[in-house]
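Take a look at the sequence and the 3D structure below. Then read on for a short tour.

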Amino acid sequence: MSSSSTTTTTTRLLMLKASDGVTFEVEEAVATKLGAINNMVEEEGSEDLICLPNVNGKFLGMVLEWCKKHANNNTNSDKGNDEVNKWWDKEFVMDLDQNTLYHLLMAADYLSGTELVDLLTEKVASMIRGKKVEEIRETFKIKSDFLPGQEEEIRKKNSWAFE
Amino acid sequence: MESPNLLNGSFEINEWHENYDANWYINLMNFLLNLNCSWNIVSLHVLSEKALMLPENLRRICRSPFLNWKHLKCWFLFFPLLAVDSVSRPVAALGGLFPITQVQLCDSLGASLPPSRGRCDEPIWTGSPLIEVYLGSRVHISLPSFSMAEKKEKILGDKNEEDSHSNPTNSVVERNEDENANIAAVDRISYLPISLILHILLYVPTVDVVRMSVLSKCWKLMWYLVPKLQFNSNVGFQSQEAFNTFLEECLLRREICMRHITQLVVTKFKLHIVYSDDQAALLDRFLCSPLLRDNIMELKLSMITRGTTVGYSLPDAILNGRSLTVLKLENVLLLEEDSKFSVNLPCLKYLYMLYVDYLDDHVLTNLLLGCPSLEKFELKCFYLSNPRISSSSLKSLEITGYARENLQVEAINLESLALIVLWGGIINLSDCRLIRNLSIDLNSNIDDQLLEDMISKLPLLEDLSLSRCQLLKQVKISSERLRSFAFDKQGNDNEVKATMGTPNLVSFSYKGDIDFGITMISPNVQLNGSIVINGSYRCICMLNFLLSLNCSWNILSLHVVSGKVLFFPEEVRICPPPLAKLKHLKVKTTERWEYKSELRDSLHWASPNLETLLIEEGTEG
């Protein structure tokens, strides 16, 4: 499952090892889009294998796919490329199921991929905005743990928010 | 409780006070002393550690309520926004009560950060329980699902001794089972770390966040933690009154909350409303509230006014906001009529103003004097006579509007300047020698000479865009560093010739009719270009146009109405091919034209060195 990348003499390759042992070979410029990896590279210097015990290979792969896209386009910062990136991002989050979204968000947060966290949290927010409470409950499968009557009490207390 | 068994218990005390007073602590003490059972593990959930900070005099006169307690877990819901290093605060507060064994910083799943031992003074009560302190944790994770008592407290009855984790009704166990169940039916969002939940809620209007409080215990108080408030009177409210009430209640509640937990302030505020004058007092109260006043970093006010509405004038507190970094105003009055204008925004970096009234030359000058850190300034739809924009910090300036006489920009660090719809006066850019990006749109004053002079004074210019400048005819541009040049000829009926002494030009884009020509003086410049031709022309005219583009292309994107205008019949192919060195051509058409192979053939004649040709046809026709 390791990704193939074109090697040139100037770009350094890093090995990233996920919790399930899957490894990815990525260019340094791609991996350092992630703040956590950037820090490790700067601190440890020559270490080429980085173990990431908190991230599963499947989600690490997706995070790196995002990094690759955004690292490539960073070099020639064009207005046109910005547009392309936005479309790509939209597609990237379009059909994510909640399980994937959750794990991806946790992975991005753990790896300090700030822009990716922004993208994913905005995606989750778009599933909340303007929805009725019951729709939100249904979308995210949030179970009420209130005692009988408690929800009504809060609703009554906060009636100013429901008009 | 007449039971020989040790109980595990959980108490949730969700009351808060602005200041927990002596009465509170006496009542709390009575409550604790009245729990006459033998406790094993007790979880105590309170909003803030202050609720448990029993004053020393009380501690000295009462016996310890914790004598028969073995383990106490304290959960402070309102702790997540605090920095990790402020852990010492609740630890010190509780340390006066009993010896603390460990402090656990939790996220939603209960254990992400390593535990640290709390240091504290000699405890007053001996025989106290071992205590763990949980900060920023979720109340609901270890809450029981049933209740024994009728007040605020609930007791998790556990008939087994010692080991609460073996109890099947314990909700920690329940949650684990959930995870093994059908993946699609699992509540994921509630178990995200609180920092991520708050990140998500930054993008959600406040009304939705407040309404989410009825979802579950975890969400009940969440909206108090979001540092951003955003209101839109058009979405989600039945009436203007309902919206006003909502605004008022939000303010009231957050204010009370903030008085109790000073960290829960608002740093970002966004308001979009259909404004009526009777809302002024409420908005003033909001913007001047301690909740915002000294903490606000990003403020956006956007108003729609109708009919005879006077409009909302910004309170002094905002114009003197010490922490403000971003200020965006739409249709807001900068000051009350005839009032004294004083501005002090030491941290302001970005200022955006659209339709801002009572802005005259004098006010503008004062405004800029009061913003010593301003880096980006967008001023839209203004009407000024002789404006002078003077700032040494400014890096990016965009102005749209009207200057009756002259516009003077004095900004030694300015890198990017966009001037749009500047009828009227003369532009003076003296001192702005660091400009890299210059964009001029809809200008009726700039002629060939003025443009040449202007550009000669901008040695670092890299991007130049000229749009709808009706006086231009012979455009001469000499610029060592210029990399990209865009010309939009709309509104200009002259025949325009551009002469480019720009050895580093890489990109050129053009939009307009075919009365245009460009000549590169600098040799060996290979251009990537984009050309958009509006209108239909005879192919011979089009050929002339292409021949008048005296540059060598690398990649060219050509957008025309129909492929027909690019079909050059055999009899005109006696002239040299117009795009001799072009390697990659992309043709876009608005209309469809059926003779595709003829078009291809024609394009290959026009550009004999072509390596790739892409034709994208529109759907019309």
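This report covers chain B as a whole, the nonpolar cores, a set of paired strands and one buried serine.

## Chain B in outline

This is a predicted model. Chain B has 621 residues, and 52% of them count as buried. Its secondary structure includes 14 helices and 29 strands.

The accessible surface of chain B is about 27700 Å². Carbon and sulfur atoms hold 49% of that surface. Now consider contacts in chain B with a separation of 6 or more: 61% of them link residues 24 or more positions apart.

## The nonpolar cores

The largest nonpolar core contains 199 residues. Five residues have the most contacts inside this core: Phe269(B), Leu301(B), Leu334(B), Phe377(B) and Leu566(B). Which element gives the most to this core? It is helix 3 of chain A, residues 57–75, with eight residues. Another core lies apart from this one. It has 22 residues, including Phe31(B), Leu32(B), Leu35(B) and Trp39(B).

Return to Phe269(B). Set aside its neighbours within four places in sequence. Phe269(B) is then in contact with Leu229(B), Phe231(B), Phe286(B), Leu287(B), Leu292(B) and Ile296(B), among others. Its contacts also include Glu298(B) and Lys300(B).

## Strand 25 and its partners

Strand 25 of chain B spans residues 526–533. In a regular strand, side chains alternate between the two faces of the sheet. Strand 25 of chain B shows this alternation. Leu527(B), Gly529(B), Ile531(B) and Ile533(B) point to one face and are buried. Gln526(B), Asn528(B), Ser530(B) and Val532(B) point to the other face and are not buried.

Strand 25 of chain B pairs with strand 23 of chain B, residues 507–512, in the parallel sense. Six bridges make up this pairing. Here Ser509(B) stands opposite Ser530(B). Strand 25 of chain B also runs parallel to strand 27 of chain B, and seven bridges join them. Across this pair, Ile531(B) stands opposite Leu558(B).

## A serine in a loop

Where is Ser562(B) placed? It sits in the loop of chain B between strand 27 (552–560) and strand 28 (584–591). Is Ser562(B) buried or exposed? Its relative accessible area is 9%, so Ser562(B) is buried, the cut-off being under 20%.

Which residues does Ser562(B) touch, leaving out those up to four places away in sequence? They are Thr589(B), Glu591(B) and Trp593(B).

Definitions and conventions. Residues are numbered from 1 along each chain as its sequence is written. Chains are lettered from A and ligands numbered from 1 in the order in which they are written. This is a predicted model: local features need pLDDT of at least 70, side-chain atom pairs count only at pLDDT 80 or more; totals for chains, interfaces and linings use all residues. Side-chain values use heavy atoms; hydrogens and water are left out. A nonpolar core is a set of buried Ala, Val, Leu, Ile, Met, Phe, Trp, Tyr and Cys residues joined through side-chain atoms within 4.5 Å. Buried means under 20% relative accessible area, exposed over 50%, partly exposed in between (1.4 Å probe, protein chains only). Helices (H or I, at least four residues) and strands (E, at least two) are DSSP runs, numbered from the N terminus. Contact means heavy atoms within 4.5 Å. Accessible areas come from the Shrake-Rupley method with a 1.4 Å probe; for residues, only the protein chains shown count as cover. Two strands pair if DSSP finds at least two bridges between them.
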